[in-house]
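Student: Could you take me through one part of this model in detail and show how that part sits against the rest of the chain? Please give the cut-offs behind each term as you go.

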Amino acid sequence: MNSPTSGLRVASIIFGLMSLAQLGRLLIRPEILVAGYRMPLWPSALAFVLLGGLSVWLWKLARPMNQ
C-alpha cells in the first residue's frame with residue numbers, strides 16, 4: 001500500500017469516528033452551553049451527514065483503480 005492510499009484511509013477513519021461522535025451526541029442529547037446559551041442539536045445532525053459522506057468518499061478514493 002502506498003502513502004497516498006494510507007493517508008486517504010487514515011483520514012477516512014478519522015472522519016468516520018468524528019461522524020459517530022456526532023451521532024452519539026444526537027442519541028444521548030447532552031446539554032451543552034456556549035456562553036450561557038444552549039447549543040441546538042441540528043449542527044450535530046448536519047455534521048454527522050457531512051462527516052459520514054466525507055468518510056465514505058475518501059474510503060472509495062483509496063480503493064485501487066482496477067476494482
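**The second helix and its partner**

Tutor: Read from the N terminus, the elements of the chain follow the order α-β-β-α, where helices (H or I, at least four residues) and strands (E, at least two) are DSSP runs numbered from the N terminus. This is a predicted model, in which local features need pLDDT of at least 70 and side-chain atom pairs count only at pLDDT 80 or more, whereas totals for chains, interfaces and linings use all residues. Residues are numbered from 1 along each chain as its sequence is written, and side-chain values use heavy atoms, with hydrogens and water left out.

The part I would look at is helix 2, but the overall form of the chain comes before it. The C-alpha trace spans about 50 × 20 × 15 Å along its principal axes. The radius of gyration of the chain is 15 Å, against a value near 11 Å for a compact globule of 67 residues; the radius is taken over C-alpha atoms, and the globule rule is 2.2 Å times the number of residues to the power 0.38. Of the 67 residues, 15% count as buried, where buried means under 20% relative accessible area, exposed over 50%, and partly exposed in between (1.4 Å probe, protein chains only).

Helix 2 covers residues 42–61, and its 20 residues should span 28 Å at 1.5 Å a residue, which agrees with the 29 Å between its end C-alpha atoms; the expected span is 1.5 Å times one less than the number of residues. Its buried residues are Ser 44, Leu 51, Ser 55 and Leu 58. These residues lie on the same side of helix 2 because they cover an arc of only 75° around the axis, the arc being that of the directions from the helix axis to the C-beta atoms. The face turned away from this buried side carries the exposed residues Trp 42, Val 49, Leu 50, Trp 57 and Lys 60.

What do the buried residues of helix 2 pack against? Their partner is helix 1, and two residues of that helix show the packing from the other side. One is Ser 19, located in helix 1 (residues 3–28), which counts as buried because its relative accessibility is 4%. With neighbours within four places in sequence left aside, Ser 19 is in contact (heavy atoms within 4.5 Å) with Phe 48, Leu 51 and Gly 52. Leu 51 is thus both one of the buried residues of helix 2 and a contact of Ser 19. A polar atom of the Ser 19 side chain also lies 3.1 Å from the backbone oxygen of Phe 48.

The other residue is Leu 8, also found in helix 1; Leu 8 counts as partly exposed because its relative accessible area is 25%. Again leaving aside neighbours within four places in sequence, Leu 8 is in contact with Leu 58, Leu 61 and Ala 62, and Leu 58 is among the buried residues of helix 2. The C-alpha atoms of Leu 8 and Arg 63 are separated by 9.4 Å, although these residues are 55 apart along the chain. Over the chain as a whole, among contacts between residues at least 6 apart in sequence, 62% join residues at least 24 apart.

Definitions and conventions. A polar contact is a pair of N or O atoms within 3.5 Å; within protein, one must be able to donate a hydrogen and the other to accept it, and residues adjacent in sequence count only if both atoms are side-chain atoms.
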